[in-house]
Amino acid sequence: MEPDHSSPNSIETRRSFGHRLARLAAVWRREIDADLREYGLTDATWRPIYYLTLSCMPVRQTDLARSLSLEAPSLVRLLDVLEKRGFIVREIDEEDRRSKLVSITEAGRDIAALVSRAADRVAMRLTADVSSAELEQCCQIFDRVEQAAIGQKDLPASEKEPAR
């Protein structure tokens with residue numbers, strides 16, 4: 001059955017979807033932030049550490065900035081702090097000497113384990129009243145929306161159409 005994209009309710013629901021998703025992401029991050037405050041970590045410090053643990057390889061600084069939606073100068077200042085605390089190291093990228101590669105240290109991995117546990121606790125709290133089937137369906141929807149965004153990211157605005 002083809003989704004109805006034209007009804008007033010559908011249009012309003014679709015309009016609010018992104019806003020609600022962004023609002024939920026902000027609430028989720030604030031919850032993790034609150035759980036990590038006792039360890040001296042803030043959203044700005046735990047997110048790069050968490051992201052770096054997801055990669056088995058060092059990450060280019062520019063790619064890390066893009067993944068965290070940060071401007072390069074802001075990330076550099078943040079990485080200076082993380083490096084002084086012994087959580088990350090930066091090295092010149094041998095493939096492109098203009099770039100720096102960022103890696104997590106063992107101390108950073110210890111902090112990442114705290115972050116993962118806090119993220120797990122938040123996920124359990126916030127999804128306690130949601131069934132596994134509902135979460136799976138929600139994740140499938142997120143995947144479809146993300147694929148639609150990826151498929152249209154390089155198109156001029158005049159050529160972008162709703163995914164069907």
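The following exercises, each with a worked solution, concern a predicted model of a protein chain.

**Exercise 1. Overall inventory**

Determine how many helices and strands the protein chain contains, and in which order the elements run.

Solution.
- Step 1. The secondary structure amounts to six helices and three strands.
- Step 2. Read from the N terminus, the elements follow the order α-α-β-α-α-β-β-α-α.
- Step 3. The chain has 164 residues, of which 27% count as buried.
- Step 4. Consider contacts between residues at least 6 apart in sequence: 48% of these join residues at least 24 apart.

**Exercise 2. Topology of the sheet**

Establish the strand order of the sheet and state which strands stand at its edges.

Solution.
- Step 1. The three strands make an open sheet in the order β1-β3-β2, with antiparallel pairing.
- Step 2. Strands β1 (59–60) and β2 (88–93) are at the edges; each has a single partner strand, and therefore one side of each is left without a neighbour in the sheet.
- Step 3. In general, the strands of a sheet pair through backbone hydrogen bonds, in a parallel or an antiparallel manner.
- Step 4. β2 and β3 (residues 96–104) run antiparallel and are joined by six bridges, whereas β1 and β3 pair in the antiparallel sense over two bridges.
- Step 5. The connection from β2 to β3 is a hairpin through two residues.

**Exercise 3. Register of the strands**

Identify which residues of β3 stand opposite Glu91, Arg90, Asp93 and Arg60.

Solution.
- Step 1. Glu91 has Leu101 of β3 opposite.
- Step 2. Arg90 is placed opposite Val102, and Asp93 opposite Asp96.
- Step 3. For Arg60, the residue opposite in β3 is Leu101.
- Step 4. Leu101 thus appears twice in the register: it stands opposite Glu91 and opposite Arg60.

**Exercise 4. Geometry and two sides of α4**

Compare the span of α4 with its expected value, and decide which of its residues are buried and which are exposed.

Solution.
- Step 1. Helix α4 has 13 residues, which at 1.5 Å a residue should span 18 Å; the end C-alpha atoms are 18 Å apart, so the two values agree.
- Step 2. Leu75, Leu78, Leu79 and Leu82 of α4 are buried.
- Step 3. These residues cover an arc of only 105° around the axis, which means that they lie on the same side of α4.
- Step 4. Arg77 and Lys84, on the other side of the helix, are exposed.
- Step 5. The packing partners of the buried residues of α4 are α2, α3, β2 and β3.
- Step 6. With respect to the sheet, α4 (residues 72–84) lies across β2 and β3 and runs at about 125° to β2.
- Step 7. Gly86 follows α4 and has a positive phi, near 80°.

**Exercise 5. The nonpolar core**

State which residues of the largest nonpolar core touch the most other members, and which element supplies its largest share.

Solution.
- Step 1. The core comprises 25 residues; Leu36 and Leu64 touch the most other members.
- Step 2. At least two residues of this core come from each of α1 (8–36), α2 (43–54), α3 (61–67), α4, β3 and α5 (106–126).
- Step 3. The largest share, seven residues, is that of α5.
- Step 4. Beyond its neighbours within four places in sequence, Leu36 is in contact with Leu41, Trp46, Leu114, Val115 and Ala118.
- Step 5. As a general background, nonpolar side chains tend to be buried together in soluble globular proteins.

**Exercise 6. Helix α2 and Thr105**

Examine the span of α2 and its buried residues, and then decide whether Thr105 is buried or exposed.

Solution.
- Step 1. The twelve residues of α2 reach 17 Å from the first C-alpha to the last, close to the 16 Å expected at 1.5 Å a residue.
- Step 2. The buried residues of α2 include Asp43, Thr45, Trp46, Arg47, Pro48, Ile49 and Leu52.
- Step 3. Thr105 is located in the loop between β3 and α5.
- Step 4. The relative accessible area of Thr105 is 18%; because buried means under 20%, Thr105 is buried.
- Step 5. Not counting residues up to four places away in sequence, Thr105 touches Gly86, Phe87, Ile88 and Val89.

Methods: Residues are numbered from 1 along each chain as its sequence is written. This is a predicted model: local features need pLDDT of at least 70, side-chain atom pairs count only at pLDDT 80 or more; totals for chains, interfaces and linings use all residues. Side-chain values use heavy atoms; hydrogens and water are left out. Two strands pair if DSSP finds at least two bridges between them. Helices (H or I, at least four residues) and strands (E, at least two) are DSSP runs, numbered from the N terminus. Contact means heavy atoms within 4.5 Å. Axes are lines fitted to C-alpha atoms, for helices over the stretch in contact, and angles run from 0 to 180 degrees between N-to-C directions. A nonpolar core is a set of buried Ala, Val, Leu, Ile, Met, Phe, Trp, Tyr and Cys residues joined through side-chain atoms within 4.5 Å. Buried means under 20% relative accessible area, exposed over 50%, partly exposed in between (1.4 Å probe, protein chains only). The expected span of a helix is 1.5 Å times one less than its number of residues. The arc is that of the directions from the helix axis to the C-beta atoms.
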